[in-house]
Amino acid sequence: MSQSIETVLTEDRSFPPSDEFRGAARLADRSTYEQMWRRSIDDPEGFFGEVARELPWLEPFTSVLDWSGAPVARWFDGGKLNVSHVCLDQHVEAGRGGEVALIWEGEPGDERTFTYAELLAEVCRFANVLKARGVSKGDRVAIYMPMIPEAAMAMLACARIGAIHSVVFGGFSAQSLTDRIEDGGCTAVITADGGWRRGSILALKDAVDEAVQDQAQVHTVLCVRRTEQAVAWSEGRDVWLHEALDGVSDECAPEPMDAEDVLFLLYTSGSTGKPKGIVHTTGGYIVGAYLSTRYVFDLRPGDTYWCTADVGWITGHSYIVYGPLANGARMVMYEGAPNAPHEGRFWELCEKHRVSIFYTAPTAIRAFMKWGDAHVEKYDLSSLRLLGTVGEPINPAAWIWYREKVGGSRCPIVDTWWQTETGSIMLTPLPGMSATKPGSAMTPFFGVDAAILDEEGNEVGHGEGGLLAIRRPWPSMLRGIWGDEERYHDTYWSRWDGRYYMAGDGARRDADGNFWIMGRVDDVLNVSGHRLSTMEVESALVSHEGVVEAAVVARPDDLTGEAIVAFVIPTDEVADDGGLALGVLLKAHVAAEIGKLARPAEIRVSPRLPKTRSGKIMRRLLRAIAAGEEIRQDTTTLEDPTILDELRTGVKA
Ligand code: WTA
């Protein structure tokens, strides 16, 4: 087990919500939580049956949970529904069509607002365009977009006609997009000419052109005009959305979907092999997103909610698009970077739109700290009443800064632990109830039966580290990995003979039973809250002609949580510059192969790597070297101990 599991953080501060917050909260006391949680575990049929019936079904379900095909769960069988109908039509039909659904801000300062009725009409028109292009139920559609309203509309339009969307983060390279289009068998791609990022343009359409070159099954590239730069055009295949929308009806009946029909695929990194297309289905997913948004964010009428994630990640799916809209929320969406055009941009938007609930990532919080308090203090943030974080463990210093500087010491912070695979939040404080502790994800959400186990599957005692596991199915859990059933079993259910879902994170519980996440236990890197596998970065490195072998490890980084350090053996002898020039080339190469977020922070070129006598790369050792730590571990199994000094002093690119 990795060393980090034994580390014990000593943090005993705790912050209960104010009486004022508690007084108005959806859930304000521990005993209500305990009762509800207990019922959700002992009687999931009763508990989740009731929650699901709060949503509009086109046909009622006949059973709540079927676990007979474990580890593939079936929820709400017999029921038919459509997620876009849940997110849009139900609010319009209830007379709330005039309420604002989405306030969008572009990076250059343009702004668009949509009411629920307007958003519904846009989604219907978009859906009709897809239909006219021959996209139908069950087809896979890749979405490669900037953070513009059309990104959310594209997802909802796919959901409306029963097409399966596969959103690929706009910062991924053409090669990454190709891999995902190919694996998912996507037949259409929705993109934009470009998107704004720190004043420059992300050339999305160019990347799509490159990505679909050899993907003959892609018959349509639907392109949104955003930045208006010239783009290459393939007649017949490429379609401008604004042209296709001309004269299209704003009515489109929602396709009745079975609860277990696939809603979307979202690719995420594992420790080995190519990225996994995580499969989420319709009924259970929307129930999970709906319920968690409601309770974790204590969403109430009058709130303005802003989640700063990108739709390319699961957070953008569940907590920008599906969860908030299913609840009829009023939300903010922003196209650009937090420091464009200035470092106070997020706070300026919070003030301008009177944001009351704000959800972001620890890496962003650490960046705000670095940029200085003045950018925050300049704005009136008195509208905020609740803050959240997600993506990686938050260090207590950042937590306290967030609480004091952004939250004015009055807003509870919900540190939410979950994964692409879990679909919705699993461990979290409930803001009206929890006395939150900086760095703890606190308690299991409804339906979540979490445990911390040792390798053999025994529960460890409070205070001891172990592997985080979930004991039974929850509605929004993944249903599989696209096209690879075996990998689904192996990755998540094989460790303890199918009895538990293995999350891949280390964790411990404190004396009060609260959960503390201690990071990944496999070879998954967490850079700025985004999962990358060491294997993928290594393959990208060795695909360069100048590299024979590569080993990638993470070292702690103040800003990004973890930073990538790559050790590479060059094809030719190490050059006189110590490999500096090669390192520079390789950084650019990885960025082009995977995307900028995978670019190593440091590359060390060396003629050898530390290996055991049996030829295995000693990653633990590389980790210590990368972190600049003294080597205290056993090095006697090392084939050639002199290598250590070489690596320590190696030139860094
Ligand atoms: C990490 C993001 C500590 C964890 C929603 C998990 C966290 C991985 C937290 C999933 C948190 C996420 N505290 N660690 N609050 N939230 N993680 O799939 O390692 O992009 O397994 O989903 O991020 O990343 P993913």
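## Strand S31 and its neighbours

Strand S30, residues 547-557, pairs with S31 in the antiparallel sense, and 10 bridges link the two. The model in which this pairing is found is a predicted one. The connection from S30 to S31 is a hairpin of 3 residues. One of the bridges sets Val-547 against Pro-570 of S31.

S31 itself covers residues 561-570, and 9 of its 10 residues are buried, so the strand is mostly covered under the cut-off of 20% relative accessible area. S31 also pairs with strand S32, residues 602-605, here in the parallel sense and over 4 bridges. Val-565 has Glu-602 of S32 as its bridge partner. Helix H18, residues 580-593, joins these two strands in a β-α-β unit made of S31, H18 and S32, and the unit is right-handed.

In general, the strands of a sheet pair through backbone hydrogen bonds, and the pairing is either parallel or antiparallel. S31 takes part in both kinds: antiparallel with S30 and parallel with S32.

## An open sheet of 8 strands

Another part of the model to follow is an open sheet of 8 strands. Read across, the order is S12-S11-S8-S6-S7-S14-S15-S25, and the pairing is mixed. The edges are strand S12 (238-240) and strand S25 (480-481); each has a single partner strand, so one side of each lacks a neighbour in the sheet.

Within this order, S6 stands next to S8. Strand S6 (residues 140-144) and strand S8 (residues 188-192) are paired in the parallel sense over 4 bridges. Tyr-144 has Thr-191 in S8 as its bridge partner.

## The ligand and its shell

The ligand has 17 residues around it, and the nearest are Asp-415, Thr-416, Thr-420, Asp-505 and Arg-531. By type, the shell consists of 6 nonpolar, 6 polar and 5 charged residues. Three elements each supply at least two residues of this shell: helix H11 (314-326), strand S20 (413-416) and strand S27 (515-520).

Which atoms of the ligand lie 2.6 Å from a side-chain N or O atom of Thr-420 or Asp-505? For Thr-420, an oxygen atom of the ligand is at that distance, and for Asp-505 an oxygen atom of the ligand is also 2.6 Å from a side-chain N or O atom. Pro-393 takes part through its backbone: one of its backbone N or O atoms lies 3.4 Å from a nitrogen atom of the ligand. On its own, the ligand has 520 Å² of accessible area, of which the protein covers 97%.

Definitions and conventions. Residues are numbered from 1 along each chain as its sequence is written. This is a predicted model: local features need pLDDT of at least 70, side-chain atom pairs count only at pLDDT 80 or more; totals for chains, interfaces and linings use all residues. Side-chain values use heavy atoms; hydrogens and water are left out. A residue is near a molecule or strand if one of its heavy atoms lies within 4 Å of it. A polar contact is a pair of N or O atoms within 3.5 Å; within protein, one must be able to donate a hydrogen and the other to accept it, and residues adjacent in sequence count only if both atoms are side-chain atoms. Accessible areas come from the Shrake-Rupley method with a 1.4 Å probe; for residues, only the protein chains shown count as cover. Ala, Val, Leu, Ile, Met, Phe, Trp, Tyr, Cys and Pro count as nonpolar, Asp, Glu, Lys and Arg as charged, and the others, Gly among them, as polar. Buried means under 20% relative accessible area, exposed over 50%, partly exposed in between (1.4 Å probe, protein chains only). Two strands pair if DSSP finds at least two bridges between them. A crossover is right-handed if, with the strands pointing away from the viewer, the path from the first strand over the helix to the second runs clockwise.
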